[in-house]
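User: I would like to go through this model with you step by step, beginning with the protein surface around the nucleic acid and then turning to some details of the chains.

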There are 2 protein chains.
Amino acid sequence: MQSRTRSVRAGRPRSAAADAAILAATRAALVELGWSKLTLGDVATRAGVAKTTLYRRWAGKSELVVDAVAGLFDELRLPDRGSLAADLEGVVLQFARILARPEAQSGLMAVIAEATRDEALRNRIRASIVDRQKRLVLEGRARAQSRGELPWEPDPEEAARTADLIFDMVAGTVVHRTLVSAEPADEAWVRHFTRVLLTGLRSGGPPEPSPLPRNPGGREGGTARAEGDSGD
Amino acid sequence: MQSRTRSVRAGRPRSAAADAAILAATRAALVELGWSKLTLGDVATRAGVAKTTLYRRWAGKSELVVDAVAGLFDELRLPDRGSLAADLEGVVLQFARILARPEAQSGLMAVIAEATRDEALRNRIRASIVDRQKRLVLEGRARAQSRGELPWEPDPEEAARTADLIFDMVAGTVVHRTLVSAEPADEAWVRHFTRVLLTGLRSGGPPEPSPLPRNPGGREGGTARAEGDSGD
DNA sequence: CCATTACGCTACGAGTCGTAGCGAAAGCGC
DNA sequence: GCGCTTTCGCTACGACTCGTAGCGTAATGG
């Protein structure tokens, strides 16, 4: 019993090289075949391991693909370009570039679809993919607040809600643009998007259940005035 | 040749009742089994038709589910509550309620995943689901502009880009909130989200390739004014 | 050297896929 | 009514994938 918490109790250890080969083979198979035509037998052959080895380590296709796709997001970094706008553009562009890869597209959406009926899978995705992305939001937000680019929110609950909203808006919009609209999230688009998002966040305080803001927001540079009073 | 463009040339017509039964059975199967465990044989049994009938009408599982899910979005309507904010909240809430249904969740994400490697399927999704949603964006936007709640954009190309952006932001954010974050898009959340979005849109003109908005926005105070003229 | 664990390989029943073939049913034009 | 055409229900089929069991071998620790 003393050997319970030992990383390796006894016997032959699992091959770390096999793990890497399997995950790489999974990504390659995702590129060539997509999710639906990907079979574990094929992945095993590509990786040079036996099919039974796969089943000893992963419960099924979904879990395997989650781990394979999670590796794609390891390169995500929060840049420090001096301003919130520049940092946000940088992160969004990185995210968009990852999502442009075919193995990310077919793999990620498929496991999310599977996760709608499998809570364990949902937690696995959250732990290995989503939470890591979300940390970038929290970091960038804290940095922007300390620079005075975003308002501080005294209420921690409200701050958490806002962080969640930012995360859903950033990740969701990029994903939708890339996968549903099927158009590239290039630099021009990212600039446009982050501009709208930041404008909304700078003054987006607590969601008062107030009436309708019929104030069109006055004029603001850019396109210049236009909506001023052209109403009917 | 005169009978070419006729809707029915001759012979026994296809049963419209069977179509409805099949689509309803598909939705029911999505609820009970989810995408991956849904089989066409099972759907045929539920619908009371032969499996071969299914294959005569749909090329495969993906096409069938697209049609089945598309029906869920038929009820989407653009309300007229007098203000852009209220209208937008209404639409987003409707969209969120549809996405809360299990058949929409597992079905929609799965076909989007499949569509990443199948252009014909992508077009089918666009025609039967996405475009219909997008029209609501265009209508609502036009109405808001005529009411003076949103700036007019003289350049049609720029206007189209903005409309696409709005659509990706709305649909993407709600989808991400519902499916990835797996938290309810309830009224409070919708209000928070639409508030940030609208604030960004009111002053979100053309994406000038300008430098960084190092304007910290000063204190955010309420909602109202904030970005007014605090530029340096 | 021995216990323990991982690995490769083969084989297997179970289930699904998509199609072919057949006879019967249901419309349309005459 | 009668034939032509298309659809429908049903059965059967080969091909494929799944996930597991069994066995002998390889690698590591005590």
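User: Which element gives the largest share of the surface near DNA strand C?

Analyst: This is a predicted model, in which local features need pLDDT of at least 70, side-chain atom pairs count only at pLDDT 80 or more, and totals for chains, interfaces and linings use all residues. Residues are numbered from 1 along each chain as its sequence is written, chains are lettered from A and ligands numbered from 1 in the order in which they are written, and side-chain values use heavy atoms, with hydrogens and water left out. A residue is near a strand if one of its heavy atoms lies within 4 Å of it, while helices (H or I, at least four residues) and strands (E, at least two) are DSSP runs numbered from the N terminus. With 4 residues, the largest share of the surface near DNA strand C comes from H3(A).

User: How many residues surround DNA strand C?

Analyst: The closest residues are A:Gly11, A:Thr52, A:Thr53, A:Arg57 and B:Tyr55. By class, this surface has 7 nonpolar, 9 polar and 6 charged residues, where Ala, Val, Leu, Ile, Met, Phe, Trp, Tyr, Cys and Pro count as nonpolar, Asp, Glu, Lys and Arg as charged, and the others, Gly among them, as polar. The number of residues that surround DNA strand C is 22.

User: What distance separates a polar side-chain atom of B:Arg12 from a base nitrogen of DNA strand C?

Analyst: A polar contact is a pair of N or O atoms within 3.5 Å; within protein, one must be able to donate a hydrogen and the other to accept it, and residues adjacent in sequence count only if both atoms are side-chain atoms. On DNA strand C, a backbone N or O atom of A:Ser15 lies 3.0 Å from a phosphate oxygen, and an N or O atom in the side chain of A:Arg56 is 3.1 Å from a base oxygen. For the polar side-chain atom of B:Arg12, the distance to a base nitrogen of that strand is 3.1 Å.

User: Which residue has a side-chain N or O atom 2.8 Å from a phosphate oxygen of DNA strand D?

Analyst: DNA strand D is surrounded by 21 residues, and the closest are A:Tyr55, B:Gly11, B:Thr52, B:Thr53 and B:Arg57. Bases are reached by A:Arg12, with a polar side-chain atom 3.2 Å from a base nitrogen of the strand, and by B:Thr52, with a side-chain N or O atom 2.9 Å from a base nitrogen. The side-chain atom 2.8 Å from a phosphate oxygen belongs to B:Thr53.

User: What percentage of the atoms of DNA strand D within 4 Å of the protein belong to sugar or phosphate?

Analyst: Helix H2 (40–47) and helix H3 (51–57) of chain A, together with helix H3 (51–57) of chain B, each supply at least two residues of the surface near this strand. The residues of that surface divide into 6 nonpolar, 9 polar and 6 charged. Of the strand atoms within 4 Å of the protein, the part that is not from bases is 59%.

User: Why can H5(A) be called largely enclosed by the rest of the structure?

Analyst: The expected span of a helix is 1.5 Å times one less than its number of residues, and for the 16 residues of helix H5 (residues 84–99) of chain A this gives 22 Å, which agrees with end C-alpha atoms that are 22 Å apart. Buried means under 20% relative accessible area, with exposed over 50% and partly exposed in between (1.4 Å probe, protein chains only). H5(A) is largely enclosed because the number of its 16 residues that are buried is 13.

User: How are the planes of B:Trp189 and B:Phe193 arranged, stacked or tilted?

Analyst: Rings of Phe, Tyr and Trp (its six-membered ring) pair if their centres lie within 6.5 Å, and planes under 30 degrees apart count as stacked, over 60 as edge-to-face and the rest as tilted. The structure holds 4 aromatic pairs over all chains, among them A:Phe73 and A:Phe95, whose centres are 6.1 Å apart with planes at 40°, so this pair is tilted. B:Trp189 and B:Phe193, at 5.3 Å centre to centre and 20° between the planes, are stacked.

User: At what distance from the ring centre of B:Trp35 does B:Lys61 lie?

Analyst: A charge sits over a ring if NZ of Lys or CZ of Arg is within 6 Å of the ring centre and within 35 degrees of the ring normal. In chain A, A:Lys61 lies over the face of A:Trp35, at 4.7 Å from the ring centre. B:Lys61 lies over the face of B:Trp35, and its distance from the ring centre is 4.8 Å.

User: Which residue offers the backbone oxygen that the side chain of B:Ser106 reaches?

Analyst: B:Ser106 is placed in helix H6 (residues 102–115) of chain B, and it is buried, with a relative accessible area of 1%. At 3.0 Å, its side chain reaches the backbone oxygen of B:Pro102.
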